[in-house]
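Please open the structure in the viewer and keep the sequence panel visible. The tour begins with the whole chain and then moves from one selection to the next.

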Amino acid sequence: MSSSFRIFESVISPSESKKTMGKNKKSAPPVRSVSTAASPAPAPRPSGLLKKLIPTQEQTAPLLPDAPPDTAWDEEQIRNWAASLSMSAHEQFAAWVEQFASWGTRLKDAHDRSVSAGRALEAERETLQGRLSEESARLAADRAAFDIEQAQQRQDRAELETARLALTGERETLDEQRLAVVRQQEVLTRQAAELRGQLVLEREASLQTLRQQVEELEQRRDRLPAEIVQYRAVLLDRAREDVEALKAGVQTQEVVLHERELQLNAHELALATRDRKLAMNEELLRVRRGSLTEEIREEFQRQLEDAQRQSQRLQTRLDKAHAQKDELQQALDDLGELREQVGGDPQRLFDELDALRQRNRDLDRQVQELLAGGAEEDASQLRLQRDDLQQWLTQAEQELFDLRRRQSEWQRSVTEREDWQKTRKVLETNRALLQGAVSQLQQDVDDLLNRQQQKTVFPELTRMDAELTVRVHTDPVPDKLSQLVDELQCRIAHAEKGKQFYFRKEELQLFLGGLAMSQLHVFQGISGTGKTSLATAFAKAVGGVCTTVPVQAGWRDRADLIGHYNAFEKRYYERNTLQALYRAQTEADSDRLHIVLLDEMNLSRPEQYFAEFLSAMEMGEADRWINLMESGPAQGAPKLLRDGRDIKLAPNVWFIGTANHDETTNAFADKTHDRAFVLELPRQESPESGLRRLKPVTWSHQSLIDRFDVVCKELQPQVVDLMAFINDSDLTRLLGDTFNLGWGNRLERQMMRFVPVVIEAGGSEGLAVDHLLSSRMFRDGKVIGRHDVGKDDLQRVEEALLEMWRECELEGEPTRCLMTLRRDIKRLERGG
């Protein structure tokens with residue numbers, strides 16, 4: 001339908017005119033059709049209209065981007081046009097002009113309010129900007145004061161470090177004095193021994209050369225013991241006096257050093273308290289600044305968005321007003337054109353239009369009837385064809401299935417008959433051969449049994465009973481575990497000829513703690529990190545024995561590890577592990593350190609072939625027995641086996657397993673992981689220059705265990721206090737609530753053995769706790785590597801961990817735990 005016809009309908013029908021002319025709140029009354037024959041009555045001069053139109057022009061002109069057209073606002077044209085209107089048209093036009101003028105006035109008022117709101121918003125923004133500048137200046141002043149405080153703190157730390165170095169030098173001097181006293185005692189003991197040997201030699205020479213003076217020599221011999229005792233007493237008194245003098249000096253020096261150490265500890269505590277206060281103040285300032293800046297930004301953004309929305313609403317109203325004006329103008333133009341086209345008789349056009357509409361509806365009805373009838377007939381036919389084809393397809397599939405089944409049965413029947421015939425021929429041939437071999441085999445078996453009855457069930461273990469009877473001389477370990485670490489680093493570096501290994505003191509400190517904590521160690525790391533080298537070099541460095549056992553992928557039970565009993569031959573096949581366990585208990589090696597190196601131990605599952613050892617490690621030392629066979633042999637059992645069938649897991653044996661992680665290996669179960677000391681070795685570094693070569697030594701296992709016990713007893717209150725802080729921390733509650741994890745009695749027992757030894761070896765509480773948490777809790781399947789844990793959960797764990805670290809006043813940061821957590825957070829961010 002053309003626009004001219006729509007305008008014409010709006011003129012004829014008032015209701016349709018409202019729909020066409022827009023969404024005005026109040027539509028103008030419809031314009032009646034005026035016959036061209038009637039002459040219009042003269043209209044009065046519209047002076048009031050001009051007074052309303054001209055101010056409307058002045059009000060709305062500043063709101064538009066362009067100046068209004070001159071012709072649209074020409075006063076003379078408006079007067080001439082108004083004069084040509086009839087009285088009714090003049091009244092309608094006057095009403096429209098009244099509405100237009102009112103609308104322009106309201107539009108200007110809204111614009112003025114928008115401008116005022118913008119100015120107020122700009123003034124408020126300037127005020128907020130001033131406040132922000134003042135807050136920034138205040139924060140800068142606080143930052144300067146904080147920098148001055150940090151400089152003072154660094155100076156205090158430097159003084160503290162100087163005092164600590166001086167204290168270390170004094171301790172070294174004291175150790176040298178103690179060493180001199182020990183050496184003096186050794187010299188006195190050696191002199192006494194030489195004196196006794198010299199007197200014995202003189203007596204023997206006198207007996208051989210002067211037999212005739214036997215009586216005189218016997219008298220002299222009777223006097224000599226008393227003289228020796230007297231002289232020895234004099235020497236011992238002098239030595240005791242020297243020792244007491246040295247002890248008094250040492251005790252005095254220790255008191256002075258202890259007092260200085262207390263002062264340094266108090267100073268360190270004060271510095272730590274001040275550091276915490278400064279950190280809290282800095283955090284409060286940062287939070288306050290961030291919150292204030294965010295509030296200002298949000299308030300400004302909100303006000304700006306309100307102003308923009310209000311401006312958009314005003315602009316929308318203005319666009320609608322312009323659109324309505326254009327529609328009215330277009331309606332007037334179309335009305336004139338329509339009148340010219342219809343020749344002043346619009347009813348005829350309406351009649352033709354109704355006839356065309358009726359015809360169109362009839363044609364549409366016929367088309368729909370034809371389409372409906374044809375579609376229904378075609379659909380019925382297609383459904384019938386589909387049903388027939390589906391039935392035929394079902395029958396064909398059933399016939400095909402029957403044919404294939406029958407073919408399979410025929411083929412299987414033919415194959416079975418052929419196999420039966422071949423099997424029958426082979427069995428007949430083998431039967432003839434076996435009948436001749438059975439008699440020969442029976443005779444060989446009888447001879448073998450007769451020979452085996454004369455042999456022992458455990459040949460290698462019995463040989464050790466006969467050969468390893470003289471105890472190997474061992475030396476006590478150094479009194480200080482830190483000195484032991486220093487010597488270990490040097491001895492391991494030169495343990496292998498032609499090679500030099502270097503392990504940091506941090507790894508050796510953790511390794512010593514692991515020796516005190518568990519008899520099972522697991523060394524992990526990429527190839528080339530020295531997992532095997534550390535185990536073998538340590539055994540050589542301490543004068544111990546290392547037995548290497550390559551683990552195979554097919555191991556399933558303990559027989560693969562220690563051997564098995566052959567009831568037919570009445571002999572136990574002793575593997576290297578069993579021989580190493582037995583040798584560690586012999587008289588010769590009972591005080592030496594023994595290492596059983598399980599190379600690539602996760603090629604098979606340790607929970608299967610190592611299960612009995614894992615269970616034995618949980619028992620007391622007296623109950624750690626491994627069953628070898630159901631009943632002991634009648635005779636010839638090794639003497640160190642209980643009832644000839646159980647072997648003890650000796651305390652001087654440690655199992656060290658190396659582990660790689662690839663597609664050929666298995667992950668460790670919690671049963672293995674929780675009972676073992678796990679050490680992740682970094683890539684080997686270049687050895688430090690100046691690692692001296694020391695003479696070989698064989699350290700005593702018992703002295704090492706005694707030293708561990710003494711250290712654990714001395715530092716027990718410190719570790720108990722640390723455990724109390726950890727148990728009361730938010731980290732413990734978070735792990736229990738979110739991850740269903742707890743420390744457990746086993747972990748607490750291990751911590752009571754591990755932490756004191758690491759501290760005594762030169763490490764710190766932070767190093768020990770960080771290692772235990774990272775290897776026990778922060779590993780795959782516990783805290784990280786889980787699909788039911790999100791990034792937010794891990795971030796809360798990280799915050800709780802750092803908070804616990806501050807509450808316990810642990811040194812440094814939990815580097816291993818943080819690295820593990822952040823690596824898993826990145827994995828979750830990538831969508832892994």
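How much area does the chain expose, and what share of it do carbon and sulfur atoms supply? The chain exposes about 52,100 Å², of which carbon and sulfur atoms supply 51%; accessible areas come from the Shrake-Rupley method with a 1.4 Å probe, and for residues only the protein chains shown count as cover.

This is a predicted model, in which local features need pLDDT of at least 70 and side-chain atom pairs count only at pLDDT 80 or more, while totals for chains, interfaces and linings use all residues. Residues are numbered from 1 along each chain as its sequence is written, and side-chain values use heavy atoms, with hydrogens and water left out.

**The whole chain.** Display the chain as a cartoon. The chain has 23 helices and nine strands; these are DSSP runs numbered from the N terminus, helices being H or I of at least four residues and strands E of at least two. Of the 832 residues, 33% count as buried, that is, under 20% relative accessible area, whereas exposed means over 50% and partly exposed lies in between (1.4 Å probe, protein chains only).

**The sheet.** Select strand 2 (545-550) and strand 9 (677-680), the edge strands, each of which pairs on one side only. They belong to an open sheet of five strands in the order 2-5-8-1-9, with parallel pairing; two strands pair if DSSP finds at least two bridges between them. Next, select residues 520-524 and 653-659: these are strand 1 and strand 8, which pair in the parallel sense over five bridges. Phe523 stands opposite Thr658 in strand 8.

**Helix 10.** Add residues 505-517. This helix packs on the sheet and touches strand 1, strand 8 and strand 9, a contact meaning heavy atoms within 4.5 Å. Its direction makes about 165° with that of strand 9; axes are lines fitted to C-alpha atoms, for helices over the stretch in contact, and angles run from 0 to 180 degrees between N-to-C directions.

**Helix 9 against helix 10.** Now select residues 481-493, which form helix 9. Helix 9 and helix 10 pack at an angle of about 120°, with their axes 10 Å apart. Among the residues making the contact are Leu484 and Leu488 of helix 9 and Leu508 and Leu512 of helix 10.

**Arg823.** Finally, select Arg823, found in helix 23 (residues 815-829). Arg823 is partly exposed, with a relative accessible area of 47%. The C-alpha atoms of Arg823 and Ile784, 39 residues apart along the chain, are separated by 9.2 Å.
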